[in-house]
Amino acid sequence: MTTTDAGTDGTTETAPAAPAPEPKTAPQGDPNAVTDHDRGIHGYAHQKDAHLKRLRRIEGQIRGLQRMLEEDVYCIDILTQVSASTKGLQSFGLQLLEEHLRHCVADAAVHGPEAIDAKVQEATKAIERMLRT
């Protein structure tokens, strides 16, 4: 690509454009790199308030289950509430898992392939536990 500049005498000159900047790449496997995760900042940190609000709502559902039992509510109504509470926890768990993958696993990439493998294995085990429930 070239640019055209007007000279003081009315003529035009064509000058080569500045070269495109080199794409920046992440450091490859620096075991000494210090990342957010190393500083104790987890993937859920940016959504912490929303997560706490969600967990408080689920906690309220669980208290509602206790109250339903105390008040001798019909079994099917209680089971419906159990299902809603379970789905709420599963949804929360999946969101937390996604944040773990986006933040913690991606963060491990700075430390190299072994760190990535360890985080992926850790996430896989967490998924297995979630699927068993």
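Which residue, with a positive phi, follows helix α1? In this predicted model, that residue is aspartate 72, and its phi is near 55°. Before looking at aspartate 72 more closely, it helps to walk through the overall layout.

The protein contains three helices and two strands. Read from the N terminus, these elements come in the order β-β-α-α-α. Of its 133 residues, 20% count as buried. Contacts can also be sorted by how far apart the partners sit in sequence: among those between residues at least 6 apart, 55% join residues at least 24 apart.

Helix α1 covers residues 48–70, a total of 23 residues. A simple check of its length is possible here. At 1.5 Å a residue, the helix should span 33 Å, and its end C-alpha atoms do lie 33 Å apart, so expectation and model agree. Several residues of α1 are buried, namely His51, Arg54, Ile58, Gly64, Leu65 and Met68. Helix α2 is included in what covers them.

The loop between α1 and α2 is where aspartate 72 is found. Most residues other than glycine have a negative phi. Aspartate 72, with phi near 55°, has a positive value although this residue is not glycine. The side of the protein it faces can be read from its accessibility: aspartate 72 has a relative accessible area of 70%, and therefore counts as exposed, since the cut-off is over 50%.

Beyond this loop, isoleucine 78 belongs to helix α2. Its relative accessibility is 13%, which means that isoleucine 78 counts as buried, the limit being under 20%. Which residues does isoleucine 78 contact, once neighbours within four places in sequence are left aside? The partners are Leu65, Met68, Leu69 and Val73. Leucine 65 and isoleucine 78 are 13 residues apart along the chain, and their C-alpha atoms are separated by 6.5 Å. Leu65 and Met68 have already appeared among the buried residues of α1.

Attention now turns to how α2 meets α3. Two packed helices are described by the angle between their axes and the distance between the axes. For α2 (residues 75–108) and α3 (residues 113–132), the angle is about 170° and the axes are 9 Å apart. Because angles over 145 degrees count as roughly antiparallel, α2 is roughly antiparallel to α3. On the α2 side, the contact involves Gln90, Gly93, Leu94, Leu97, His100, Leu101, Cys104, Val105 and Ala108. These meet Ala115, Ile116, Lys119, Val120, Glu122, Ala123, Ile127 and Met130 of α3. Sorted by class, the contact has twelve nonpolar, three polar and two charged residues.

Histidine 100, located in α2, gives a close-up of this contact. With a relative accessible area of 18%, histidine 100 is buried. Apart from neighbours within four places in sequence, histidine 100 touches Val105, Lys119, Glu122 and Ala123. Lysine 119 lies 19 residues away along the chain from histidine 100, and the two C-alpha atoms are separated by 9.1 Å.

Finally, the cysteines deserve a look. A disulfide is a covalent bond between the sulfur atoms of two cysteines. How many disulfides does the model hold? The count is zero when a pair of cysteine sulfur atoms must lie within 2.5 Å. Cysteine 75 is exposed, at 54% relative accessibility, whereas cysteine 104 is buried, with a relative accessible area of 5%. Cys104 is also one of the α2 residues that meet α3.

Definitions and conventions: Residues numbered from 1 in each chain as written. Predicted model: local features only at pLDDT ≥ 70, side-chain atom pairs only at ≥ 80, totals over all residues. Heavy atoms only, no water. Axes fitted to C-alpha atoms, helices over the stretch in contact; angles between N-to-C directions. Helix = DSSP H or I, 4+ residues; strand = E, 2+ residues; numbered from the N terminus. Parallel < 35°, antiparallel > 145°, perpendicular 65-115°, else oblique. Contact = heavy atoms within 4.5 Å. Nonpolar A, V, L, I, M, F, W, Y, C, P; charged D, E, K, R; others polar. Expected span 1.5 Å × (residues − 1). Buried < 20%, exposed > 50% of the residue type's maximum accessible area, 1.4 Å probe, protein only.
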